[in-house]
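This briefing goes through one protein chain by topic. Have the sequence and the 3D view open while you read.

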Amino acid sequence: MISREPTIERLAVAKSLLLTPFGLDESHLTRALAEIKAHRVDEADLYFQYTRSEGWSLEEGIVKTGSFSIDQGVGVRAVSGEKTAFAYSDDISEASLLDAARTVRTISVAAKSARVKTASQKIASARSLYQGLDPIATLDSTAKVKLLEKVEQLARAKDPRVAQVMAGLASEYDVVMVARADGTLAADVRPLVRLSVTVIAEQKGRREMGSAGGGGRFGLAYFDDAVIAQYVDEAVKAALTNLEARPAPAGEMTVVLGPGWPGILLHEAIGHGLEGDFNRKGSSAFSGRIGQRVAAKGVTVLDDGTIADRRGSLNVDDEGNTSQRNVLIEDGILKGYIQDAMNARLMGVKPTGNGRRESYAHIPMPRMTNTYMLGGDKSPEEIVASIKKGLYATNFGGGQVDITSGKFVFSASEAYWVENGKILYPVKGATIVGSGPECLKRVSMIGNDMKLDSGVGTCGKEGQSVPVGVGQPTLRIDGLTVGGTA
């Protein structure tokens, strides 16, 4: 549901943290924006942020580190054509606000008359996808330490080969407020938690690793005994599987990707290439191709910031626009790009709710939220059974992509060798190399088991990191290049 009511509540929280303690009110924001608009600019905004974060980590059976930090500040931006001027300060005061406003307005040399009509204020519409709670306060310190100790005890009890357990618990309470030159006021209160488990197993002098974890926009109560046990099971299973892994064969072959987190390949290989800035500049492999077939029939890819409680979801983006469910590719046809306000204006389209920034000290740009492919009609068993000779990759480590060519490289952290439809043995050292646009055209079977990842993704772009989600069903892709170690 989209309405102004939740924004009014969130604005009250934002003002109590970001304006009132510093003797500011909305009239100061209006004055700062008027300072910028005294020169000709296309857009201007003020972005206030208060972030409280906490982290705990366990290693060698003890909780070794606990960190706590508070960061707050304001970013001031003016945009003229393709040019952006930006200033930020961790000092929230009328003086620093006006100073930043005068600094950024110099982007436009032509001054208008000194009289500037102030835009009437309007409260932005927003979604209500998660509770505006402070997750740090949802468990006390003793309970957080016990939670991590429980992870360790469970993992060690699973198998005598478990040699080392590392676990981390992170919580963040993030409050943002956006004031735009067009009079729009928006706010969001964003909780975020994550639990991660890494296990090292040892056998006959060989050591292998397995990881698992998850989280989202909710409190720490989410990590109940069942969830903790699931993460531990996954991490231990991955480590023990890798102890038995043989070197991966290399060459061109059929590759089947498992559901959920392997959608990171989709995120890197396809998602970045569909961001508005790369397409406006013509530097993406998908530039100028809207309405054209870019993928096999049945391939539908969405970027959806509106899924409740998800790590990549937002009530409003970092420019005050409501998050959206954007269909990027439908049945193989390219339908649209992911847009922030500036690139949308320059491309003559509407923003898609994807203007994101790491913090008040960064400018927004078009970024993904939760990016996933819809399911098809094949069972995962049927897809694996269809492999004559090939790789079945169920989990991935890192990857990277060249936006211009669409070429990507990915390392599989859990994968199996399959012959005549039978899983024979686990393999290690497999890297998948290919081209995003080509890879989409080679999708030959789409599973009916679409799932989203467990809530661990962080996306980097131009030095900025933001939380994201990925997802996909089991997929068969023909003729991918696998770099192996065999």
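Which side chain meets that of Asp42 in a salt bridge? The side chain of Arg345 does, at 3.5 Å from N to O. A salt bridge here is a side-chain nitrogen of Lys or Arg within 4 Å of a carboxyl oxygen of Asp or Glu.

The model is predicted, so local features need pLDDT of at least 70 and side-chain atom pairs count only at pLDDT 80 or more, while totals for chains, interfaces and linings use all residues. Residues are numbered from 1 along each chain as its sequence is written, and side-chain values use heavy atoms, with hydrogens and water left out.

**Salt bridges**

- Side chains of opposite charge can pair when their charged atoms come close.
- A search of the whole structure finds 35 salt bridges.
- The side chains of Asp42 and Arg345 form one of them. This pair links distant parts of the chain, 303 residues apart: Asp42 is in the loop between helix 2 (26-37) and strand 2 (43-59), and Arg345 is in helix 8 (residues 341-347). Helices (H or I, at least four residues) and strands (E, at least two) are DSSP runs, numbered from the N terminus.
- Asp42 is partly exposed, with a relative accessible area of 44%, and Arg345 is partly exposed at 30%. Buried means under 20% relative accessible area, exposed means over 50%, and partly exposed is in between (1.4 Å probe, protein chains only).
- Asp453 and Arg310 meet in a salt bridge of 3.2 Å, N to O. Their positions are 143 residues apart, with Asp453 in the loop between strand 23 and strand 24 (458-461) and Arg310 in the loop between strand 12 (301-304) and strand 13 (325-330). Both Asp453 and Arg310 are buried.
- Lys335 and Glu330 also pair through their side chains, at 3.9 Å from N to O. Lys335 is partly exposed, with a relative accessible area of 45%, and Glu330 is partly exposed at 40%.
- Arg10, Asp188, Arg190 and Asp318 are joined into one network by salt bridges that share partners.

**Pockets**

- On a 1 Å grid over the protein atoms alone, a pocket is an open set of points with protein on both sides within 12 Å along at least five of seven lines, a cavity is a set of points where a 1.4 Å probe fits but cannot get out, and lining residues have an atom within 4 Å of a point.
- About 1,100 Å³ of space lies in the largest pocket. Grid points are joined across faces, edges and corners, and a volume is the space filled by probe spheres set on the points.
- The lining of the largest pocket has 45 residues, and Ser211, Ala212, Glu234, Trp261 and Asn395 lie nearest its centre.
- By class, the lining of the largest pocket has 16 nonpolar, 19 polar and ten charged residues. Ala, Val, Leu, Ile, Met, Phe, Trp, Tyr, Cys and Pro count as nonpolar, Asp, Glu, Lys and Arg as charged, and the others, Gly among them, as polar.
- The second largest pocket has a volume of about 510 Å³. Its lining has 26 residues, including Thr51 and Glu172.
- The lining of the second largest pocket divides into seven nonpolar, eight polar and eleven charged residues.

**Cavities**

- Two cavities of 30 Å³ or more are found in the whole structure.
- The largest cavity has a volume of about 60 Å³, and Leu257, Met373 and Gln472 are among the residues that line it.
- Helix 6 gives the most to the lining of the largest cavity, with three residues.
- Ten nonpolar, one polar and no charged residues make up the lining of the largest cavity.
- The second largest cavity has a volume of about 40 Å³. Its lining has five nonpolar, three polar and no charged residues.

**Nonpolar cores**

- A nonpolar core is a set of buried Ala, Val, Leu, Ile, Met, Phe, Trp, Tyr and Cys residues joined through side-chain atoms within 4.5 Å.
- The largest nonpolar core has 44 residues, and Leu265, Val299, Ile329, Leu391, Phe396 and Ile432 have the most contacts inside it.
- Apart from the largest core lies another, of 34 residues, among them Leu33, Val74, Val104 and Val189.
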